[in-house]
Amino acid sequence: MRLFLVIFLTQLLRADYASIDLPLGPRSSSATMHYFTFSNSSHTLKVIDQGKTRRYADLDAAMRANGCIAGCNGGFFHPDRQPLGLVIANGRMTGNTNSRSSLTSATLYVENDSLRLVRSRTFESKSPPLPRNVLQTGPFLIESGKRTTGLSNKKFARRTFIANDGRGHWLIGYTPPTTLSQLANVLSKPKAIPGFTVRFATNLDGGSSSALWIRRPNTPPLYFREVRKIENFLGVVP
């Protein structure tokens, strides 16, 4: 039991919640971004799908049922609840590979416990078998440390995104209403997030789907709740 507790606590120390005020609001006013960082050496991501039975009432239920220490909403979906791109949750595939839309231009997947974030057209060239956890989303915000072009600076909405530093460290972020362009501008600054330089980042489904959940010891989870039902989720697991 003592060895288990030591291992568990060591894993938790490699994952952490923080918040920071950044110029994300209208006219670059200050707004608070909440985020959860973790290392791919101790944690990975699990794609969780509602399925036809809509088995989870909300993000909180999905995270608890799957043993997650943190998580957020996933990718975009159609009004009929089908994903806009490809989703593979523990080997169960829904949707289809789609690299034509900016909302599915990025593919996040887990292969041999290693997390990867690539352009969807790159993923399409992969040889079978496909990984057991895959999520298409978008648009890309940061690639190789540079903000991507053509991002909208018009629509303010709540945002969730996922990012990495190119060295095995990952971040799930949640912001109050901001534009895609403004978010990318902030993330492209080397010292915007203390101790974390964003190398790659992609947007997740935003607006009323935006949600972030983080487990905390001896207290209820930190939960920025979604407004509408979510069809798929991303969960951080040891």
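The legends below describe one overall view and several close-up views of a predicted protein model.

Residues are numbered from 1 along each chain as its sequence is written, and side-chain values use heavy atoms, with hydrogens and water left out. Because the model is predicted, local features need pLDDT of at least 70 and side-chain atom pairs count only at pLDDT 80 or more, whereas totals for chains, interfaces and linings use all residues.

**View 1. The whole protein, with four helices and 17 strands.** Helices (H or I, at least four residues) and strands (E, at least two) are DSSP runs, numbered from the N terminus. The radius of gyration, taken over C-alpha atoms, is 17 Å, close to the 18 Å that the globule rule gives for 238 residues, so the protein is as compact as a globular protein of that length; the rule itself is 2.2 Å times the number of residues to the power 0.38. Along the principal axes, the C-alpha atoms fill a box of roughly 50 × 40 × 35 Å. Of the 238 residues, 52% are buried, where buried means under 20% relative accessible area, exposed over 50% and partly exposed in between (1.4 Å probe, protein chains only).

**View 2. Two separate nonpolar cores.** A nonpolar core is a set of buried Ala, Val, Leu, Ile, Met, Phe, Trp, Tyr and Cys residues joined through side-chain atoms within 4.5 Å. The largest has 27 residues, and those with the most contacts inside it are Phe-36, Phe-38, Leu-45, Ile-172 and Val-236. The second core, of 22 residues, includes Ile-20, Phe-161, Leu-187 and Ala-192. In soluble globular proteins, nonpolar side chains tend to be buried together.

**View 3. Helix α4, residues 180-187, and what covers it.** Seven of the eight residues of α4 are buried, so that the helix is mostly covered; the buried residues are Leu-180, Ser-181, Gln-182, Leu-183, Ala-184, Val-186 and Leu-187. Their cover includes the strands β1 (15-22), β10, β11 (146-147), β12 (157-164), β13 (169-178) and β14 (200-203).

**View 4. Phe-200 in strand β14.** With 22% relative accessibility, Phe-200 counts as partly exposed. Leaving aside neighbours within four places in sequence, Phe-200 is in contact (heavy atoms within 4.5 Å) with Leu-117, Phe-140, Ile-142, Glu-143, Ser-144, Ile-162, Ala-163 and Asn-164. Asn-153, which is 47 residues from Phe-200 in sequence, is 20 Å away in space, C-alpha to C-alpha.

**View 5. Two cis peptide bonds, each followed by a proline.** One cis bond joins Pro-128 and Pro-129, with omega about 5°, and Pro-129 is placed in the loop between α3 (120-123) and β9 (133-137). Another joins Gly-138 and Pro-139, with omega about -5°, and Pro-139 lies in the loop between β9 and β10 (140-143).

**View 6. Arg-54 and Asn-218, residues other than glycine with a positive phi.** Most residues other than glycine have a negative phi, and most peptide bonds are trans. Arg-54, in the loop between β3 (44-49) and α2 (59-65), has a phi of about 50° and counts as partly exposed at 25% relative accessibility. Asn-218, in the loop between β15 (212-216) and β16 (219-224), has a phi near 60° and counts as exposed at 84% relative accessibility.
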